[in-house]
Amino acid sequence: MNKQDILKKFQEMSKNTLIETLDIEFIAVGEDFLSAKMPVTPKVHQPFGLLHGGASIVLAETLGSTLSNIILQSDDFVAVGQHVDANHLRPKSEGTIFGHATIVKQGRTSHLIKIEIKDENDKLICYTHLTNAIIPKKHA
């Protein structure tokens, strides 16, 4: 599959999910990375009008899990989030955030992914590590 087909496939798989609800859009993919963007609107705010940390984690886990599944390219196995560690570094109340996930370690039974979420001015909003378990698809 070419890069545009990969992006289109995973965007289509996101229909009627939390990914679609939060307006996350995949924008770039490579051999060891995946990027997406998400608008910061009241839909993803906490009660004080700032980006909810949980929304940042949804973006991070979406990127990390999807990247692992792109790398796997398997009909028999699937990557699922097992552990996420996030540092929320800067508040954001409007605009767009951009997530960039890269593979740190690709093992047989787990993948370690780092995800950086930045704003339009390239300021780091959230830094995340995600561990994905690689499990048989029949258990997913």
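Okay, let's start with glutamine 73, which sits in the loop between α3 and β3. Helices and strands here are DSSP runs, H or I of at least four residues for a helix and E of at least two for a strand, numbered from the N terminus. Glutamine 73 has a phi near 45°, so a positive value in a residue other than glycine. As background, most residues other than glycine have a negative phi. And is glutamine 73 buried or exposed? Exposed, with 69% relative accessibility. My cut-offs, with a 1.4 Å probe and protein chains only: buried is under 20% relative accessible area, exposed is over 50%, and partly exposed is in between.

Quick housekeeping before the rest. This is a predicted model, so local features need pLDDT of at least 70 and side-chain atom pairs count only at pLDDT 80 or more, while totals for chains, interfaces and linings use all residues. Residues are numbered from 1 along each chain as its sequence is written, and side-chain values use heavy atoms, with hydrogens and water left out.

Right, the overall picture. We've got three helices and six strands, and going from the N terminus the order is α-α-β-β-α-β-β-β-β. In terms of extent, the C-alpha atoms fill a box of roughly 45 × 25 × 25 Å along the principal axes. The radius of gyration is 15 Å, and that agrees with the value near 14 Å that a compact globule of 140 residues would have. For the record, that radius is taken over C-alpha atoms, and the globule rule is 2.2 Å times the number of residues to the power 0.38.

What share of the 140 residues is buried? That comes out at 37%. The accessible surface is about 7,900 Å², and carbon and sulfur atoms own 51% of that. Those areas are Shrake-Rupley with a 1.4 Å probe, and for residues only the protein chains shown count as cover.

Now contacts, meaning heavy atoms within 4.5 Å. If you take the contacts with a separation of 6 or more, 59% of them come from residues 24 or more positions apart. A nice example is threonine 102 in strand β4. Threonine 102 counts as buried at 16% relative accessibility. Skipping residues up to four places away in sequence, threonine 102 touches Asp32, Phe33, Leu67, Leu112, Ile113 and Lys114.

Proline 136 is another one to click on, in strand β6, residues 124-136. Proline 136 is partly exposed, at 29% relative accessibility. Beyond its neighbours within four places, proline 136 is in contact with Asp76, Phe77 and Val78. How far apart are proline 136 and histidine 111, in sequence and in space? They're 25 residues apart in sequence and 15 Å apart C-alpha to C-alpha.

On to charges. Side chains of opposite charge can pair when their charged atoms come close. There are 15 positive and 16 negative charges, and their mean positions are 3 Å apart. Lys and Arg count as positive, Asp and Glu as negative, with His and the chain ends not counted; each charge is placed at NZ of Lys, CZ of Arg, CG of Asp or CD of Glu.

How many salt bridges does the structure hold? Five, where a salt bridge is a side-chain nitrogen of Lys or Arg within 4 Å of a carboxyl oxygen of Asp or Glu.

One of them pairs lysine 43 with aspartate 23, closest N and O atoms 2.9 Å apart. This pair ties together distant parts of the chain, 20 residues apart: lysine 43 is in the loop between β2 (33-40) and α3 (53-72), and aspartate 23 is in the loop between α2 (18-21) and β1 (25-29). Both ends are partly exposed, lysine 43 at 48% and aspartate 23 at 39%.

Next, aspartate 119 and lysine 92, with closest N and O atoms 4.0 Å apart. Again the pair links distant parts of the chain, 27 residues apart: aspartate 119 is in strand β5 (110-119), and lysine 92 is in the loop between β3 (77-88) and β4 (95-106). Here aspartate 119 is buried at 8%, and lysine 92 is buried too, at 11%.

Then there's lysine 118 with aspartate 122, 3.6 Å between the closest N and O atoms. Lysine 118 is partly exposed at 23%, while aspartate 122 is exposed at 54%. Through shared partners, salt bridges also join Lys92, Asp119 and Glu120 into one network.

Last stop, aspartate 122 again, which lies in the loop between β5 and β6. Like our opener, aspartate 122 has a positive phi in a residue other than glycine, near 65°.
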